[in-house]
Amino acid sequence: MASPDDKFNDKDSTAGMSAEEVMQKFDKESDKRNLTGLWDKLVSFICIAFAVFQLYTATFGVLDAHLQRAIHLAFGFSLIYLLYPGRKSWSREAMHPLDVIFAVLSVSSALYIVVFYNELVLRAGMNTEFDFSIAFIGTLLLFEAARRVVGWPMLTVALFFMFYAFAGPYMPGILAHRGVGMQEMFDHLFFTTEGIFGTPLGVSSTFIYLFILFGSYLEATGLGKLFIDLANAVAGWAAGGPAKVAVLSSGLMGTVSGSSVANVAGTGAFTIPMMKKLGYRPAFAGAVEAAASTGGQLMPPVMGAAAFLMAEFVGVPYIEVVKAAVIPALLYYIGVWLGVHYEAKKYGLKGTPRDQLPKFGKLFMEKGHLILPLAIIVYLLVSGYTPMRAALWAIALTLICSCLRKSTRITFKDVVRGLIEGSKGVLGVLIACATAGVIIGVVTKTGVGLKLATALLDLAGGNLLPAMFFTMITSLLLGMGVPTTANYVITSTIAAPALVQMGVPVLAGHMFAFYFGIVADVTPPVALAAYAGAGISGADPMKTGVAAAKLAIAAFIVPYIFVLSPELLMIDATPFTITFACTTAIIGMWGVSIAMIGFCQSKLNALQRLLFFIGGLNMIIPGAVTDAIGVVILAAAFFWQRMNKNKGPIENHGEDL
C-alpha cells in the first residue's frame, strides 16, 4: 500500500493545485493521454461504437452472458491501452508503439471468445493448448490494464490470490488446499463465467455502463453547478455557510458520482477556496470536502456503482439495496453537518451575506427541471423497473428535459461528447470488475472465502463484536487506494461472509464491509480523498486526513449499529421502529459530533468531551436501557458546559485538530 510520502514530498508541493491537477495526481483513472489528430478520432470512434453497442443491447436485449461481457471487455481493453500510457515518463500527447501492440493483443484475446464461441461451448472442459495460450495472454494483459487504471493496490490483491491458488499445498493450517494447475486455473478464469467474465463484469456490461452514461449527461446539463448553487441558497448564509454548502452539494453530487476523488475535485474547486476565505483552517477545509465527497459513495441511488453488485451478490432486487442505504447515508451526512456547524461556532465563522447568494426560487424556476431525471429514475426503480430499463428512460429524459430551457439545452455535439465521456468514464469500473473476477475465480476454485471467514471467526472467538472489529480492520486495509466497486468486491468476498456465518442478515453484513471499504478514503495513512482535498487547500495531508476521519466518525459507528439493529436498513422494520431508531441515532450523532469538535456553547474540557461521546454512543446503540443512559449523560454534559464562564467562540484558530 502507498504511504503518504509517495503522494507528497512536502506540504508546499501541492498548495493551490487545480481540480484537474488533483485528479491527475490522486485519481489514476484521470491520468489519460491528451490525443490529437488521427489517434483522437480513432479513440472517439471506439468510444461511440462502445456506447452504441451498450445502448443497443440494453434496448433490444443483451447477448449471451459470455459474449456480452467479452465484447464489453474488448472495448475496454482497446481504450485503456490507447488512453493510459504504461509509464509516467511516456508522453501524454503521442502514442507509444508498445501500447498499440498491447491493445491489439488484448482485444484479440477477448474477441477470441466471440469468434470461436460455439466451438468453445462444444468443447467446454476440454480446452486446447492454444486456448490456454489465449487465456494466459489475456489474463496478463488484464493485470497490466488494471495496473495502469486502478493502480497497484488492486493488482496486488489479485496477484496474492493467484499465488494462493498455486501454492495451496504449501499453505499452513486451515488455508491449505490441493492446489490448482496453471492451465486449469487460467482456463477457469478465462473460459467460464466464474472468473474474469463473472458477475462483476456482467453487472458492468449492463447496469453500470448505463448509469455512468446517465451521470455523464447529467453533468453535461450543468447539474453539478446547480447543486452547488442550490446548496448556497439553502445553507450559504448560515454559520460556517461554505462548509455546509460543501456538505450539501457533495451529498447531492454523490447521488450520481461514483468517485470520492472526482467529487472532491469537482465540488472542492468551488467550496474549499470559499471556506478558506471565510476563515476555516486549510486542513479542516480540505477535510470537510473529503468527508462529504466520500459519503457520496454511500448515497443512493448510484453508491459508487457497488449497489448493483451488492444486489447481485446478496440476491435481492436493486431497490432493496437502495432502500437499505438511505438512513445510514443520511446519518453520515448529519454527522458531518453537525461537525462543520460546531467548528463554525467554535471559531465564530459567519456565513455569506444573503444578498450575495443565489435565490432558491429563481434557481429552481430556471434550472429545477434538470433534477427531474434523477427523481424519475428513483420513481422507476421503486415502481419495479429493472435498473437497466430505468437508466435507459432516465438517459432519454435527461436529453428531453435539457431542451426545456435554452440555457441548459444539449446540442447534437454534446450528445456525441456524452457518449465519448461515458465510455471513458466506465473504464476504471470495467477493469476493476474484470480484475475482481480473478479474485472470485480463485475463491470458487479453492474455497478460500469460507476458509478466511472461518479464520476470522476463530480469531474473534465466535463473538459478534470482535468479529465486526476484525472485519472492519480487514475492510479498511483492503479499501486503501482501491476504487469503490473493486473494494466492495474484495471486502464482500473476504470479510462479509464471517458476519453472515454469525447470523447477521446478508444485506447488513455486506453493507458493513462496504462502508468500511469506502471510509478508507478518509482514513490515514492512505486517505486518497483527504489527500485530494489537501492538494486543493494547500494543507498538510496527514492533518487533513485526521480531521476528515473525525468528521466522518458516523461511518465508523453507524455500521455497527445497523448490524445490531437492522431496522436502520429497513430490514424487518415498522414505521415506528424506524422513526424511533433514527431519532435516537440523530441525537447520538449530535453528542458524538460535539465531542469530536470539542465545542458546544463553549470550549469543552477533556471530561466533558468524554461525557458527550459516551452519551452520544449510548443513544446510537439500540435499546431502551442504553437510550436512557445516553439521555442522562448527554443532559448532564450539556448543562455542565452551559455553566462554563468563557462562552462564545475561540479567538485563536491555530492548526490544532
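**Reading ring pairs and cavities**

Me: Phe 191 has a relative accessible area of 14% and is listed as buried. The model is predicted. Why does 14% make Phe 191 buried?

Reply: Buried means under 20% relative accessible area, so Phe 191 at 14% qualifies. Phe 190, at 1%, is buried as well.

Me: How are the rings of Phe 190 and Phe 191 arranged?

Reply: A pair of aromatic rings is described by the distance of the centres and the angle of the planes. For Phe 190 and Phe 191 the centres are 5.5 Å apart and the planes stand at 80°, an edge-to-face pair. Both residues also belong to a cluster linked by ring pairs, together with Tyr 112, Phe 116, Phe 130 and Phe 197. The whole structure holds 35 aromatic pairs.

Me: Are Phe 638 and Phe 639 buried or exposed?

Reply: Phe 638 is partly exposed at 22%, and Phe 639 is exposed at 51%. Their rings form an edge-to-face pair, because the planes are at 75° and over 60 counts as edge-to-face. The centres lie 5.6 Å apart.

Me: Which charged residue sits over the ring of Trp 237?

Reply: Arg 354 does, with its charged end 4.1 Å from the ring centre.

Me: How many cavities of 30 Å³ or more are there?

Reply: Rolling a probe the size of a water molecule over the atoms shows where empty space is left. Here the count is one cavity, with a volume of about 30 Å³. Its lining includes Gly 335, Lys 550 and Met 596. Helices H16 (318-347), H28 (541-551) and H30 (575-597) each give two or more residues to that lining; H30 gives the most, three. By class, the lining has four nonpolar, three polar and one charged residues.

Conventions
Residues are numbered from 1 along each chain as its sequence is written. This is a predicted model: local features need pLDDT of at least 70, side-chain atom pairs count only at pLDDT 80 or more; totals for chains, interfaces and linings use all residues. Side-chain values use heavy atoms; hydrogens and water are left out. On a 1 Å grid over the protein atoms alone, a cavity is a set of points where a 1.4 Å probe fits but cannot get out, and a pocket is an open set with protein on both sides within 12 Å along at least five of seven lines; lining residues have an atom within 4 Å of a point. Grid points are joined across faces, edges and corners, and a volume is the space filled by probe spheres set on the points. Helices (H or I, at least four residues) and strands (E, at least two) are DSSP runs, numbered from the N terminus. Ala, Val, Leu, Ile, Met, Phe, Trp, Tyr, Cys and Pro count as nonpolar, Asp, Glu, Lys and Arg as charged, and the others, Gly among them, as polar. Rings of Phe, Tyr and Trp (its six-membered ring) pair if their centres lie within 6.5 Å; planes under 30 degrees apart count as stacked, over 60 as edge-to-face and the rest as tilted. Buried means under 20% relative accessible area, exposed over 50%, partly exposed in between (1.4 Å probe, protein chains only). A charge sits over a ring if NZ of Lys or CZ of Arg is within 6 Å of the ring centre and within 35 degrees of the ring normal.
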